[in-house]
Amino acid sequence: MEIEYEDAGWQGRQKPTGEDEDMPEDNPQETIQECLEKFLTPDYIMEPGIFTQLKRYFQSGGSPEEVITMLSENYKAVAQMANLLAEWLILAGVKVTDVQAMVENHLKDMILKTFDPKKADTIFTEEGETPDWLTEMIDHHTWRSLIYRLAEEYPDCLMLNFTIKLISDAGFQSEITSISTAAQQIEVFSRVLKTSITKFLNNPEDIQGAIQECARMVCHGQHTYVYSQVLIQVLSQEPKGGFNMKRLSQEITKYALQNNQNVTPITMALNGSAAYPQACQALSSMLSRNTLNPADITVLFRNYSAADPPPIDLIRNPQFLELLVDSLFKAGVKINPEHKSKYIHLLAYAASVVDTPAKKRPMTERVLNKDELKSTIQAIEKVHAICNVNKGSTELIAELQTLYNCIKYPVVGVGVIRWIENTVTEPSYFKLSTDSCPTHLAILDEVAAVHPTLHQQILRLLIRLFESKQDELEILVQLEMKKMLLDRMVNLLTRGCVVPVVKYIKQCCAKGDTDISLIRYFVTEVLETITPPYSPEFVQLFLPMVENEEITGTMRGEGDNDPVSEFIVHCKARYTTV
């Protein structure tokens, strides 16, 4: 592959076969004049092509005395002076690393100002092969970073593209964060994509960050999107880890839609929907417009109510499911009563039916397990009836038992979060609420208790509320509201969402934009809740806040019997902290 690249990339830049490098020039006088003009430039003796030019000059009959005079008179010793100044700085007490950084940064700035891609491409004309100095350059991070910046600015420069390939071949592909640079060559992009997918699989604690990074790269252009999604689609068929890859594919699609990129045709082409033209057309119509309509819903309902329905994966499209959840659980959304049951049926079908290939039968046949379909439909209907009407906290108390019974279904849990989010983010919600814990947020606690997989969604909502501006409320009322939200976060922590919650509060503490009394309140609540043993990651995050005198100074007693001192002593005796 490398040979093909070199042949194609540098075609026509090598001398024709059989041409003798030692042959004299056609016009010696012109050659001598051309060489003399170069010898007159400052410090030309330091140029990489000096020996080639001297050879041409002498073969054309040039005078040795003249060239010696020219090169010596025009020798300014800029590089040597830089070295001398660097030595003086070191003798004056400046650190070697600082001096090196000064010189390198200045060189980088000069190169960025004066870089000429056409001249850079002539390097291969003069050298005839990869220069040794270029191979040495890519061993140093400073110069690799320079190549990345230049490649971003001059994407058509062959020398830079070839150097990017050399860097990738050397194993530094994880550094190539510039998508446009990586997307120039399929080999380089493939390595960078592999690194990004590996990071997604190996970093469950920062899965959202890994997804964002991978999605941003994949969505760079149509060619990168199609190539990556086809590759991920193939990997999603693997029995081990296939579901992780399917999740990644769906997250990438979601990212593309958020950035107004119409990827619906590609999605539909990859999910095998072509074999079901009616369902495909109806779904494509709604996805491309990002809105549901009764006519297409009716077509899908008819298809999935038939004896041989399309594969369930077709409607397990995240965008389609989001639209269904919004239409059924957002307060005030009106659905034609004649079609409401079809919306509910499709959402329940996608959430509860198990579609597996049959064993000991032709692979085209499938086994559909619909045992939970009816009960899921009933649960969605009951909660939809509650969510679709604007009810105050007092009115909701009568419905709590129904809600708690239905929340055990994951799809209902998702819908309830959407309904609560839509309700509590209204500007006037907390202004009108008089309860110490509004009923809506108490229901959120129940969702957290039943569905660990929804913890991240709940935490995102709590963070959004915690950071929201409530300027219409008095300062003390704002503090009480935020304490109530911290109680919800502590509840989430007790349900297993430990590290994300503590990490967020630590970020608030580091930023310094959160009232210290709220941090103290959180630390107090957590200390009263937790018991050993603790995970090392939890200790690394939580111990610095507990040790902070400003936070816990007033919470400590004279001895070591208070919760703060006990926690610190326990951790110091058993854990090594950074």
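In the predicted model, Arg 418 and Asp 326 are joined by a salt bridge in which the closest N and O atoms lie 2.5 Å apart. Because Arg 418 belongs to helix α24 (residues 410–424) and Asp 326 to helix α19 (residues 318–329), this pair ties together parts of the chain that are 92 residues apart in sequence. The two partners fall into separate classes of accessibility: Arg 418 is buried, with a relative accessible area of 14%, whereas Asp 326 is partly exposed, at 22%.

Helix α24 also contributes Glu 421, which forms a salt bridge with Arg 464 at a distance of 2.9 Å between the closest N and O atoms. Since Glu 421 lies in helix α24 and Arg 464 in helix α27, the pair ties together parts that are 43 residues apart in sequence. Glu 421, at 25% relative accessibility, counts as partly exposed, and Arg 464, at 45%, is likewise assigned to the partly exposed class.

These two pairs are among the 11 salt bridges that the structure holds. Another of them is formed within a single helix, where the side chains of Lys 38 and Glu 34 meet with an N to O distance of 3.9 Å. Both residues lie in helix α2 (residues 28–39), and their spacing of four residues corresponds to about one turn of the helix. Lys 38 counts as partly exposed at 27% relative accessibility, as does Glu 34 at 35%. The pair does not stand alone, for Glu 34, Lys 38 and Arg 56 are linked in a network of salt bridges.

A charged residue without such a partner is found in helix α6 (residues 96–114), which contains Lys 108. Lys 108 is buried yet has no salt bridge, and the nearest side chain of opposite charge, that of Asp 109, is 7.0 Å away. As the cut-off for a salt bridge is 4 Å between a side-chain nitrogen of Lys or Arg and a carboxyl oxygen of Asp or Glu, the separation of 7.0 Å between Lys 108 and Asp 109 leaves this pair outside the criterion. When neighbours within four places in sequence are set aside, the residues in contact with Lys 108 are Thr 142, Trp 143, Ser 145 and Leu 146.

Two loop positions were also examined. Gln 470 lies in the loop between α27 (455–467) and α28 (475–494), and its relative accessibility of 12% places this residue in the buried class. The side chain of Gln 470 makes a polar contact of 3.0 Å with the side chain of Ser 468. Beyond neighbours within four places in sequence, Gln 470 is in contact with Pro 427, Phe 430, Gln 478 and Met 481. Ser 535, by comparison, is found in the loop between α30 (516–529) and α31 (536–547), and is partly exposed, with a relative accessible area of 37%. The C-alpha atom of Ser 535 is separated by 9.3 Å from that of Tyr 575, a residue 40 positions away along the chain.

With regard to the nonpolar interior, the largest nonpolar core comprises 102 residues, of which Leu 300, Phe 320, Trp 419, Met 489, Phe 542 and Phe 567 touch the most other members. The largest share of this core, eight residues, is supplied by α28. Leu 300, with residues up to four places away in sequence not counted, touches Ala 279, Ala 282, Leu 283, Met 286, Ile 315, Phe 320 and Leu 346. A second, separate core consists of 40 residues, including Leu 134, Ile 197, Met 217 and Tyr 255. In soluble globular proteins, nonpolar side chains tend to be buried together.

At the level of the whole protein chain, 33 helices and two strands are assigned, and 41% of the 578 residues count as buried. Among contacts with a separation of 6 or more, 63% are accounted for by residues 24 or more positions apart. The protein chain exposes about 32400 Å², of which carbon and sulfur atoms supply 53%.

Key. Residues are numbered from 1 along each chain as its sequence is written. This is a predicted model: local features need pLDDT of at least 70, side-chain atom pairs count only at pLDDT 80 or more; totals for chains, interfaces and linings use all residues. Side-chain values use heavy atoms; hydrogens and water are left out. Buried means under 20% relative accessible area, exposed over 50%, partly exposed in between (1.4 Å probe, protein chains only). A polar contact is a pair of N or O atoms within 3.5 Å; within protein, one must be able to donate a hydrogen and the other to accept it, and residues adjacent in sequence count only if both atoms are side-chain atoms. Contact means heavy atoms within 4.5 Å. Lys and Arg count as positive and Asp and Glu as negative; His and the chain ends are not counted. Accessible areas come from the Shrake-Rupley method with a 1.4 Å probe; for residues, only the protein chains shown count as cover. A nonpolar core is a set of buried Ala, Val, Leu, Ile, Met, Phe, Trp, Tyr and Cys residues joined through side-chain atoms within 4.5 Å.
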